[in-house]
Amino acid sequence: MAKIQKIKGVADLFEPESTAYTHMEETARRVFSRYGYAEVRLPIIEKTELFARSIGEETDVVQKEMYTFDDRKGRSITMRPEATAGVLRAYIENKELQAQADIAKLFTFGPMFRYERPQKGRMRQFHQIDAEIIGSDAPEADAELLLMLWDYLSELGLEKLAFEINSLGCRDCRPAYRQALTGYFQNLDKGRLCEDCVRRSTTNPLRVLDCKVPSCREAVKDAPSINDHLCGKCRSDYERVKKLMDAAGVKYVENHRLVRGLDYYVGLTFEVTSGDIGAQTAVAGGGRYDGLIHDLGGKDEPATGFAIGMERLALLLPENGPRASDFYVALLDQAGLDAGVKLCRDLRSRGLAGEMNFAAGSMKSRLRAANKKNAAFCLMLGGDEVQSGQVAIKNLSTGDQWSASLDTAADSIIQRREQS
Ligand code: HAM
């Protein structure tokens, strides 16, 4: 029969990769909880409207990349392309959470879906670690978020990554900038822009700055900079964040072309980039999105957050070796089976990790299996050992071999392990 293959752009994660994912998640739990974040687990499917209204109709994500389908009653459903919209939807619906404190700090992780062209670091099903602070417009909240992300990356041993930061201006100062950009594009030879950007240059000119098409990148080189259009508050907030980053000794570069791929941002935006992971350089990205909660039907609360791409982060982590275990019980003949089952239970009850083959085999093949399992000690057991009550134990890295009674095998291994 023909085998069924996985869908393009998705991955099966086996060890040691799956261990790396657990490590990334557990590190996030540990670091984020120091900052007062609580974990939320959210649905993967949401009403399509949630994403159209938050991410923006003009974005590539909404126009080209969403996995959208009608359910059996004809309602349009989308598999989440990112986590922020879902976190906010859940927050708005959860009155208890809103009543708990002025500021809600939430984090979540899981799979996201975007129909993009798969390549290194870009998948159709990928995973994000997402953190959001709801309820504060203080620049200190943005700075704290950046420092938490920095702590997280440092804890993973990735202090060399670069932060890029920008301010996109608020709903007060952005219109003037938008107008300046529209003016710039009006005077530009339209042949220099891709088809999408010709449209965007009037409907959503900021999006043109984010276009990856080389001719568009070239065409925006002389476009007006947001930095020249910030209002007093946006400028002072931006300066304050930089000052707090300087005080904490966290390095960043300013990139006034950084607009991000989603429409909901205002004020501070940022990315963490790496030149070591191929064409997809953004490992994490985020920023402030005051106004979005209101646009989704909630109170007018300011908020800021980020998401880390786990596939890209995994590319930067040192590779884990194969998982090691403490013991392997090599069954030499079937007469040792019952004693082997009991021995495994004894060893595990003492905190040792390992396993047994359930079928007997030659000593040579069993030792090969024990080595493949990366076991520290191999215990060899058959009818003779059951009769004598003694089991042969081999230290697989030194080759030392000795025997111990079945009852004291665990003690013997623990003792030898402590000595080495
Ligand atoms: P984003 O920049 O669209 O932001 O995605 C965040 C990160 O997810 C990216 O920097 C990248 O590492 C990873 N990522 C995105 N698409 C893919 C893909 N196709 N394959 C692999 N990794 C990918 C957001 O999603 C915002 N919700 C972040 C945020 C949270 N802003 C405020 N709060």
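This report describes the ligand shell and one helix pair in a predicted model.

## Residues around the ligand

The ligand is surrounded by 27 residues, and those that come nearest are Glu82, Thr84, Glu116, Tyr265 and Ala282. Sorted by class, the shell comprises 11 nonpolar, eight polar and eight charged residues.

## Polar contacts and burial

Two side chains place an N or O atom close to ligand oxygen atoms. For arginine 260, the separation between such a side-chain atom and an oxygen atom of the ligand is 2.9 Å. For glutamine 128, the corresponding distance from a side-chain N or O atom to a ligand oxygen is 3.0 Å. The backbone also takes part: a polar backbone atom of glycine 309 lies 3.4 Å from an oxygen atom of the ligand.

The ligand taken alone exposes 660 Å², of which the protein buries 96%.

## Secondary-structure elements of the shell

Strand E6 (125–134), strand E10 (282–288) and strand E11 (303–309) are the elements that each give two or more residues to the shell around the ligand. E10 provides the largest share, with six residues.

## Packing of helices H6 and H11

Two packed helices are described by the angle between their axes and the distance between the axes. Helix H6 (residues 139–155) packs with helix H11 (residues 232–248) at an angle of about 40°, and their axes are 9 Å apart. Because angles under 35 degrees count as roughly parallel and those from 65 to 115 as roughly perpendicular, H6 is therefore oblique to H11. The crossing of these two helices, H6 and H11, is right-handed.

Note on methods
Residues numbered from 1 in each chain as written. Predicted model: local features only at pLDDT ≥ 70, side-chain atom pairs only at ≥ 80, totals over all residues. Heavy atoms only, no water. Near = heavy atom within 4 Å. Polar contact = N/O pair within 3.5 Å; in protein donor to acceptor, adjacent residues only side chain to side chain. Areas by Shrake-Rupley, 256 points an atom, 1.4 Å probe, with all protein chains shown as cover. Helix = DSSP H or I, 4+ residues; strand = E, 2+ residues; numbered from the N terminus. Nonpolar A, V, L, I, M, F, W, Y, C, P; charged D, E, K, R; others polar. Axes fitted to C-alpha atoms, helices over the stretch in contact; angles between N-to-C directions. Parallel < 35°, antiparallel > 145°, perpendicular 65-115°, else oblique. Left-handed = near helix turned anticlockwise from the far one by under 90°.
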